[in-house]
Structure formats: C-alpha cells, structure tokens
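Student: I would like to go through this structure term by term. Please set each label against its definition.

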Amino acid sequence: MNLRQLFLQHVAQTSMAPLALEIVRAEGCELFDASGKRYIDLIGGISVANTGHRHPKVVEAIRKQLDAYMHVMVYGEFVQSPQVQYAHLLTQHLPSSLNSVYFTNSGAEAIEGAMKLAKRVTGRTEIIAFKDSYHGSTQGALSIIGSEYWRNAFRPLLPGIQHLTYHSFEDLAFITEHTACVIAETVQAEGGVKPPTKEWMQALRKRCTETGTLLVLDEIQAGFGRTGKLWGFEHFEVIPDIMTLGKALGGGMPLGAFISHVGLMNQLADNPVLGHITTFGGHPVCCAAGMAAFQVLLEENLVAGIPAKEALLKRRLEHPDIKAVHKFGLWAAVEFDSFEQCKKVIDRCIEKGLISDWFLFASNCLRISPPLTISEEQLDRACSIIIESIDEM
Ligand SMILES: Cc1ncc(COP(=O)(O)O)c(C=O)c1O
C-alpha cells in the first residue's frame, strides 16, 4: 500500500472526503507535495502559521530547547524557563488585568479551562454562548458550539448552556445574575469571518459587568495579529475577564492558553487543590517555539503590513460569481451561492497550486487566512488563481 492508502486505512478519518495531499515540505507561505508540486498556502494550517512555516527563528528556538530539555514534569510544578518567559512576554502585551497565563495543549482545552475558571470564581453554573460559534470538539467545548448539527449526536452534553444570537442587543437580556460566563468569539471565525460592531461588543461587556458575569473572549483564531491588531478585542475597546488563545500561539507547535487575572486564576489552585491540571500543557518546546514566533510577529511588525494586503484582497476579489467578501484584517470569507460551487472553486484552486478550504458554519465561503508574512506578490497571485478557477468552472 502507498502512503495515501495507509493514511485512509490506519489514520482515523474526520470526514469521508479528506484533501489527502501528501505534503513533504513547508517553507514560509509555500507547501510542497511528494511530486514536487508547489502550493501557495492561503490558510496557514487554519490560522496557525501566522509567521510562516518553519520561520528560521522558530526552528532555531526549538533546536535550542531540544538541547536543553523536553518534558521534565507535569504542568505547574517546576520553574520551566520557556513557559515563564513566554507568559511574561505575553502579559507585557496585554492589558494589566490579564496577567496570569495557564498554558494548555490546544484551543479546546483552553476553552475547557476558561469554563471551569468561570464556574469556580462565580459559584454559578450557567454558561451563555452564541449561535454559529466554534470553540472546539471536546465535550465541554462541544456543548457551547453554536450548531445543533454538530452537537446532537453526542448528547447528553453539559447542562445549563444557552445559545444567543451573536450581535443581537435584545438577547443580552438573557445574561443574568445566574450566568457564570459569556463565551464569545471576538470575531466569528467559522461563521465566515463575521465581526460584531463596537457598540454591540461594548454592550455585551457592560451587561456582563452589571450582572457579575465573566466575559470570555475566544481569540483562538482572531488573536496573534490576524485582524490587523495584536488582539481582536482591541478593535472594540473592551477587555475580557478571560481570553483564550491557541492556533498561532505555538508558532506551529501545539499550544493553547487561557489568560486572566492572577486573583481569579489562583482560585484554580485551591479548594480543590489541583483544580485544573495537565501533563503536557505548556510543553517547553512548544513554549520556546511560540515565544520565538511572537517575537517575530513583534520585531517584523507583521501587523503593520496587513492594511495593504487587506486592500489588495478587496481590489482583486471581484467577480460576478462572488456574492460577497467578508473581511477583517488578513482574513476573509469569499462567499458563493452554494457549498457545491465553493467546493468546485477550492478543488480547482488546489489543482492550480493554491490551498484553501471552506468554513464550518459557512460552507459556501472560501477561506483566506494565510501566513501574515505572505508577500503582496504571492497574495496577488493567489487572487488571480481564485478568479481563474471561477472562470474555468
Ligand atoms: C475560535 C476557535 N476556538 C476554539 C478552537 C479549538 O481549537 P483546537 O482545535 O486547538 O482545539 C478553534 C479551532 O478551530 C477555533 O477556531
């Protein structure tokens, strides 16, 4: 059997139609398959490779950490320099109330930790989330994702969850003194790149404060420069009580985090002691890689290049078959009439050397979420391939 057949036979599948490209090398904004074909990566492993694939400084940091130590102890017991340094650097670039970082292995685990922290701190049990929001695939995260289609087969899930309509002012009245936390994506990612208005986000913040409810903002896709600011919530001038990070946080290595105030976070360490624990969360190699990537993001000022690239997308993605382009920073959902049409364009793009994908809750939209390091020439070429692919349908 060849590698593709072994993949289908022995690697548990997530769908009946995986892309199944056999990638042998990744560099910057490009992927190379086993036949030597070169692809522009327009999705960055789904919003992960914000500083590009295998940035030399990230690779160097991983090598250095490998020479020192890998796993030495479960999370939270030893003083591990990569964790401490990265937590320190992140908090230097966050509002002062977000000064304690709990590292996890993934985004979903960051969400699980945030939900537990909110329950522990408020003593309340109800959680509010939003329709068309995605927060992960573990049972707690699954309980709050905003689609019955994905939840239903796995019931019973967590009790006490309500799903409101994102951006509805009226629905904010459902947030009460019984609500432990509201969990919202700062920008709805899998809904097809849908930002809220500043007025709504501020009204949500106000309602949470009035009712003593913690506001959790999921920045797992919106964070790390994607939106044109370091953190998505900066656009709306609100500060969450807890934020979650993942995806690009590890510079290509698995890493998530939930971040809050030390006064809240310490409650997870007491009554019960070890209220939230993990063996591998904040793995030193992942933290070293993530910190190097974060430094690249800052030193290369990647966020400054985003407006020009956003304008390029606006200029180039015009075609009678494109219904709309939903954009926020270097992040877009190109809307077609149907999933079928979108999928045909994606498949044609892949044939022509461009990797894209669709969105979970917006399957008629083509995903644009490339490394922030993508050059304007590469982005321009990517837009040409999309337009040509539509024309060839
Ligand atoms: C907004 C958001 N939250 C949470 C998650 C879950 O992260 P992970 O897949 O690392 O568990 C994702 C993953 O796509 C996401 O997009």
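Tutor: Start with a sheet. Four strands, in the order 1-2-3-13, form an open sheet of mixed pairing. Strands and helices here are DSSP runs (E, at least two residues; H or I, at least four), numbered from the N terminus. The model is predicted: local features need pLDDT of at least 70, side-chain atom pairs count only at pLDDT 80 or more, and totals for chains, interfaces and linings use all residues. Residues are numbered from 1 along each chain as its sequence is written.

Student: What makes strand 1 and strand 13 edge strands?

Tutor: Strand 1 (23-27) and strand 13 (354-355) each pair on one side only.

Student: How do you know that strand 3 and strand 13 pair?

Tutor: Two strands pair if DSSP finds at least two bridges between them. Strand 3 (residues 38-41) and strand 13 have 2 bridges, in the parallel sense. So they meet the cut-off. Ile-40 has Leu-354 of strand 13 as its bridge partner.

Student: Which strands make up the 7-strand sheet?

Tutor: The order is 4-10-9-8-7-5-6, in an open sheet with mixed pairing. Its edge strands are strand 4 (100-104) and strand 6, each paired on one side only. From one strand to the next, the twist averages 20 degrees. Strand 9 (residues 242-245) and strand 10 (residues 256-260) run antiparallel, joined by 3 bridges. Met-243 stands opposite Ile-259 there.

Student: Now the helices. Why is helix 3 called roughly antiparallel to helix 10?

Tutor: Helix 3 (residues 56-68) and helix 10 (residues 284-299) pack at about 150 degrees, with axes 8 Å apart. Axes are lines fitted to C-alpha atoms, for helices over the stretch in contact, and angles run from 0 to 180 degrees between N-to-C directions. Angles under 35 degrees count as roughly parallel, over 145 as roughly antiparallel, 65 to 115 as roughly perpendicular and the rest as oblique. That angle therefore makes helix 3 roughly antiparallel to helix 10.

Student: What is the handedness of the crossing of helix 3 and helix 10?

Tutor: The crossing is right-handed. A crossing is right-handed if the near helix is turned clockwise from the far one by less than a right angle, and left-handed if anticlockwise. Helix 3 contributes residues including Ala-61 and Ile-62, and helix 10 residues including Ala-288 and Ala-292. Contact means C-beta atoms, placed from the backbone, within 7 Å. The contact divides into 12 nonpolar, 1 polar and 2 charged residues. Ala, Val, Leu, Ile, Met, Phe, Trp, Tyr, Cys and Pro count as nonpolar, Asp, Glu, Lys and Arg as charged, and the others, Gly among them, as polar.

Student: How does helix 4 pass helix 10?

Tutor: In a left-handed crossing. Helix 4 (residues 81-92) packs on helix 10 at about 35 degrees, with the axes 8 Å apart. Tyr-86 and Leu-89 are among the helix 4 residues in the contact. The contact residues divide into 8 nonpolar, 3 polar and no charged.

Student: What makes Ser-47 stand out in its phi?

Tutor: Most residues other than glycine have a negative phi, and most peptide bonds are trans. Ser-47, in helix 2 (residues 44-47), has a positive phi near 60 degrees. A cis peptide bond joins Arg-155 and Pro-156, with omega about 5 degrees. Another cis bond joins Asn-271 and Pro-272, with omega also about 5 degrees.

Technical notes. Two residues are in contact if their C-beta atoms, placed from the backbone, lie within 7 Å.
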